[in-house]
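Please look over the chain shown below with its local geometry in mind. The report that follows takes up aromatic rings, cysteines, strands and backbone angles in turn.

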Amino acid sequence: DSTGRANGVGSNIAGTFNGTSFTSANARSLACHTGGACGTGPAVNWDFSATGAWFMIDGQTRPFLRAEYSTTITNAHQLQLMAMDLGASYTLGRNIDAAETSGATAAGMWTTSGFSPVGTLATAFTGTLAGLGRTVSDLTINRPGTNTVGLIGRMNGASALVTDIGLVGGSVTGGSDTGALVGSNSGGTVQQSYATSQVTGGGGRVGGLVGINSGTVIRSYATGAVLGGGGVGGLVGFNNAGTVQQSYATGSVGIGAAGFDGSAGGLVGL
């Protein structure tokens, strides 16, 4: 799909080199790299073990070299590779241009669904992300059928912290529990952070910064437009016994998801 060539090798004069054509979907399939059911799997398995050379999010990204991983994040690849260790302490080493997460080309690392949220409902992010006043620009997440969506999908526990980071531009689309920075904050802290991203949720609990909050959001703001089902807020969609202090939102807020009729608030939806 990306090279425009059906053959991996134009002319194999000598040697034993062979190349196998993959569709873009196959290139993002773990089974296709490990000899599983893929139609035309590779003859030699790639090593995706914890000590192996490769890491990928099955069905969502092409393989990344584990050697790219760093707790000091300087590019979009390293931002995604936070998924390798959900309990580590990360910092932004520079402003990050995440435009390539749009998934606009067949050759890209990501699918058309864009960036894969770090931390899920089943396996939450428990570490720290310190922006040091830096930004992530043009992040794209396009997962209308997926709940718990954001740069951090779900953060959990008192040790979980996202601080001093800005999301500039871009768009985040998910189901329920969707926010630009954090989809679900379960007992963690979001502080001194902001988002200007457009946020759309196909369900309830949708916020400009945090979808559902049962932790702390303090000294933070959001300015992007927010649209979703019940519980839609400019900053936080649903504040579930959490704390919101010294924060504000200025973006438009609307109930627009088909089949939903619920609360919407300029700062907190519900």
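## Aromatic pairs

In this predicted model, Trp 46 has a relative accessible area of 33%, and because the partly exposed class runs from 20% to 50%, Trp 46 belongs to that class. Trp 54, at 24% relative accessibility, likewise counts as partly exposed. A search of the whole structure returns five aromatic pairs, and one of them joins Trp 46 to Trp 54 in a tilted arrangement, with 4.7 Å from centre to centre and 35 degrees between the planes. In general, the description of a pair of aromatic rings rests on the distance of the centres and the angle of the planes.

Phe 64 and Trp 110 form an aromatic pair of the edge-to-face kind, their centres 6.0 Å apart and their planes at 65 degrees. Because Phe 64 belongs to strand β2 (residues 64-65) while Trp 110 sits in the loop between β5 (96-97) and β6 (128-130), this pair ties together parts of the chain that are 46 residues apart in sequence. Phe 64 is buried, with a relative accessible area of 1%, and Trp 110 is buried with a relative accessible area of 1% as well. Elsewhere, Tyr 194, Tyr 221 and Tyr 248 come together as one aromatic cluster.

## The disulfide

How many disulfides does a search of the whole structure find? The search finds one, and it is formed by Cys 32 and Cys 38, whose sulfur atoms are 1.8 Å apart in the model. A disulfide is, in general terms, a covalent bond between the sulfur atoms of two cysteines.

The torsion about the S-S bond of Cys 32 and Cys 38 comes to about 95 degrees, and the disulfide is therefore right-handed. Both of its cysteines, Cys 32 and Cys 38, are buried.

## The parallel sheet

Seven strands make up an open sheet with parallel pairing, in the order β3-β4-β6-β10-β15-β20-β25. The edges of this sheet are held by β3 (72-73) and β25 (243-245), and because each of them has a single partner strand, one side of each is left without a neighbour in the sheet. The strands of a sheet pair through backbone hydrogen bonds, in either a parallel or an antiparallel sense.

At the β25 edge, strand β20 (residues 216-218) pairs with β25 in the parallel sense over three bridges. Within this pairing, Thr 216 stands opposite Thr 243 of β25.

## Two positive phi angles

Most residues other than glycine have a negative phi. Asp 138, which is not a glycine, nevertheless has a positive phi near 60 degrees, and it is located in the loop between β7 (135-137) and β8 (140-142). With 38% relative accessibility, Asp 138 counts as partly exposed.

Arg 205 also has a positive phi, of about 60 degrees, although it is not a glycine. This residue is found in the loop between β17 (198-201) and β18 (206-207), and its relative accessibility of 29% places Arg 205 among the partly exposed residues.

## Surroundings of Ser 186

Ser 186 is part of strand β14 (residues 182-186). Is this serine buried or exposed? At 17% relative accessibility, Ser 186 counts as buried, because the cut-off for that class is under 20%.

When residues up to four places away in sequence are not counted, the residues that Ser 186 touches are Arg 154, Met 155, Asn 156, Gly 157 and Ser 214.

## The chain as a whole

The protein chain contains three helices and 28 strands. Its radius of gyration is 20 Å, close to the 18 Å that the globule rule gives for 270 residues, so the chain is as compact as a globular protein of that length. Along its principal axes, the C-alpha trace of the protein chain spans about 70 × 40 × 30 Å.

Of the 270 residues, 47% count as buried, and the chain exposes about 11,400 Å², of which carbon and sulfur atoms supply 50%. Among the contacts in the chain with a separation of 6 or more, 69% are accounted for by residues 24 or more positions apart.

Key:
Residues numbered from 1 in each chain as written. Predicted model: local features only at pLDDT ≥ 70, side-chain atom pairs only at ≥ 80, totals over all residues. Heavy atoms only, no water. Helix = DSSP H or I, 4+ residues; strand = E, 2+ residues; numbered from the N terminus. Buried < 20%, exposed > 50% of the residue type's maximum accessible area, 1.4 Å probe, protein only. Phe/Tyr/Trp six-rings, centres within 6.5 Å; stacked < 30°, edge-to-face > 60°. Disulfide = S-S within 2.5 Å. Pairing = 2+ DSSP bridges. Rg over C-alpha atoms; globule rule 2.2 N^0.38 Å. Contact = heavy atoms within 4.5 Å. Areas by Shrake-Rupley, 256 points an atom, 1.4 Å probe, with all protein chains shown as cover.
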